[in-house]
Amino acid sequence: MGRVTTHPLPTPAPEAVDRLRTALLAARFTPDGLLELLGATAYAALARSEIVPALRVTRDGGPPAALVRLFLLRQAVPRAEAAAALPVAEALADGWLVPADPDDPQAAPDVPAVSGHRADARTEGAGAVRATVDIRPYAGPEGQDWWIVSDLGCAVGGAGGIRARHEDVVLGVGGASTTLAGLTVRKPVGRALDLGTGSGIQALHAAQHASRVTATDLNPRALGFARLTLALSGAPEPDLRQGSLFEPVAGGGPYDLIVSNPPLVISPDTRFEYRDSGMRGDGLCRTLVQQAGDHLAEGGYCQLLANWEHRAGEDWRERVAGWVPQGCDAWIIQRDVQDITQYTELWLRDAGDHHASEEAYAARYDAWLDAFEARGTEAVGFGWIVLRATSSGSPSVLTEEWPHPVEQPLGDAVRGYFERRDFLRRTDDAALLGAHFRLAEGVVQEQVGMPGAEDPEHVVLRQRHGLRRATQVDTVGAGFAGVCDGSLPAGRILDAIAQLLGEDPVRLRDRTPESIRLLVEQGFLEPVAGPA
């Protein structure tokens with residue numbers, strides 16, 4: 001990955017943006033077109049910000065290849081080739097492109113030479129142009145063709161690290177961005193807030209189901225990129241506000257949805273606005289969670305990615321659960337945990353510090369470990385925090401570890417979890433036995449035991465979708481789940497099971513509600529209205 005380059009942002013008129021979008025579509029500079037052009041291997045490598053495979057594939061030219069070289073590979077392209085794919089004169093006037101000066105070190109910054117490649121400004125001379133921004137095709141949730149605009153060389157990933165020369169660089173699409181987008185509850189809402197918008201990907205998603213989107217960022221350059229991302233993707237311009245955390249929307253709201261992929265790295269540095277908050281430890285994530293409740297409408301969701309410290313002598317679950325504000329249900333999921341040396345190395349590589357001298361790298365590494373030691377930090381967790389505003393007098397807070405593979409998107413699973421929590425909170429055991437349930441879609445039963453044995457040693461229910469949970473059940477639980485199709489109340493099903501097993505139906509009714517509640521909470525069973 002080459003060094004990041006920053007330029008003044010393009011300033012197109014709305015009609016010029018429409019013409020550029022039309023040109024990108026005509027040239028099939030879209031997710032599907034990109035996959036078709038590059039092939040699966042180079043496409044996957046490009047998603048990791050490894051550009052050599054794509055350089056090799058695109059060296060023979062053509063309009064789609066010219067756009068890939070310009071906007072994704074940071075290559076200069078002959079003006080005639082660029083003109084075959086987009087309105088070059090207008091793109092130059094608006095600032096999407098600039099003439100490629102062979103003497104300008106940014107003309108082809110740190111890009112590897114590839115045999116047979118003919119797009120370098122040093123070989124094309126004054127007739128070449130180059131891009132000022134990264135324009136990355138991105139597929140919307142319903143197959144929409146979108147584009148995310150960011151600084152060149154600033155997609156997430158790559159073995160070289162970002163090695164930015166500017167503190168206000170704005171990243172493009174990365175794994176964290178797409179994770180949060182897939183995790184977010186998608187339902188029609190009035191007002192949505194994207195806090196720390198960056199290149200605008202969360203605001204773009206929110207614009208599809210929110211009447212009004214507000215996007216904030218401390219970095220004014222990020223607000224400019226968010227405006228370009230939404231405009232080029234054909235979405236309405238959001239209400240853009242500069243500032244930190246909830247300061248730009250003080251006195252505003254409430255919001256039905258708040259999303260944030262904040263600068264969550266627990267770092268002693270303040271070099272990169274996109275990742276280093278400048279706050280001590282995990283103070284930024286804690287503050288964001290604590291303040292979110294004041295800005296949520298009843299039933300509104302706040303969903304964010306977060307890092308948190310595991311400190312000596314403290315249970316991380318209790319510590320992070322303590323951030324949850326009054327009046328909010330919460331679901332906190334730890335997806336990964338790293339010891340402080342792994343965590344330090346990850347983010348030093350992200351910054352490109354591993355390319356520094358051995359002494360400089362060691363000094364920076366040592367400073368990170370000193371900061372962790374001062375707070376008694378032994379490890380760092382990464383995960384998802386979901387808040388939902390509730391008027392209930394007994395909010396629920398679930399904190400759990402779930403490092404296993406999941407199936408995105410998870411927005412419906414998140415929404416379903418909180419809806420089931422509402423049902424369980426208002427339903428006592430007597431009402432639970434009168435309720436109707438159905439087995440959730442995709443749940444299968446597995447039996448584990450010795451070959452030839454008459455009965456299995458274990459019976460496991462497993463979800464094939466969503467979080468893909470698995471839970472062990474006894475004979476009663478397996479039989480109950482297997483019969484649940486919404487037609488009979490739970491109590492009648494238990495009575496039938498008791499008769500089959502020769503058990504006392506009263507005792508079975510008394511001891512089973514707890515198991516039913518767990519199956520409902522985890523999504524194996526769904527409450528439904530009884531038959532008419």
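In the predicted model, helix H2 is followed by serine 49, a residue whose phi is positive, near 65°. The helix that precedes this serine departs from a straight course. H2 spans residues 31–47 and thus has 17 residues, yet the C-alpha atoms at its ends are only 11 Å apart. A straight helix would reach 24 Å at 1.5 Å a residue. A kink of about 115° is present in H2, and glycine 39 stands at its centre.

Several residues of H2 are buried, namely Pro31, Gly33, Leu34, Leu38, Ala42, Ala45 and Leu46. The spacing of such positions may be read against the geometry of helices. An α-helix has 3.6 residues a turn, so residues three or four places apart point the same way. The cover over the buried residues of H2 includes two helices, H3 (52–57) and H4 (63–71). Strand S4 (134–139) and strand S5 (145–150) also belong to this cover.

Helix H1, formed by residues 14–26, contains arginine 21. Arginine 21 counts as buried because its relative accessibility is 18%, where the limit is under 20%. Its side chain reaches the backbone oxygen of alanine 231 at 2.8 Å. When neighbours within four places in sequence are left aside, arginine 21 is in contact with Trp147, Ala231, Leu232, Ser233 and Gly234.

A second charged residue, aspartate 329, is located in strand S11, which comprises residues 328–339. Aspartate 329 has a relative accessibility of 0% and therefore counts as buried. Its side chain takes part in a polar contact of 2.8 Å with the side chain of arginine 388. A polar atom of the aspartate 329 side chain also lies 2.8 Å from the backbone nitrogen of serine 396. Both Arg388 and Ser396 appear among the contacts of aspartate 329 beyond four places in sequence. The other residues in contact with aspartate 329 on this basis are Val386, Leu387, Thr390, Pro395, Phe418, Asp422 and Arg425.

Attention may finally be given to a sheet. Three strands form an open sheet in the order S18-S14-S19, and their pairing is antiparallel. Strand S18 (485–489) and strand S19 (525–528) are the edge strands, each pairing on one side only. On average, neighbouring strands of this sheet are turned by 35° against each other, direction ignored. Strand S14, made up of residues 436–439, runs antiparallel to S18 and is joined to it by two bridges. Arginine 438 has aspartate 485 of S18 as its bridge partner.

Methods:
Residues numbered from 1 in each chain as written. Predicted model: local features only at pLDDT ≥ 70, side-chain atom pairs only at ≥ 80, totals over all residues. Heavy atoms only, no water. Helix = DSSP H or I, 4+ residues; strand = E, 2+ residues; numbered from the N terminus. Expected span 1.5 Å × (residues − 1). Bend = angle between axes of the 7 residues up to and from the residue. Buried < 20%, exposed > 50% of the residue type's maximum accessible area, 1.4 Å probe, protein only. Contact = heavy atoms within 4.5 Å. Pairing = 2+ DSSP bridges. Axes fitted to C-alpha atoms, helices over the stretch in contact; angles between N-to-C directions. Polar contact = N/O pair within 3.5 Å; in protein donor to acceptor, adjacent residues only side chain to side chain.
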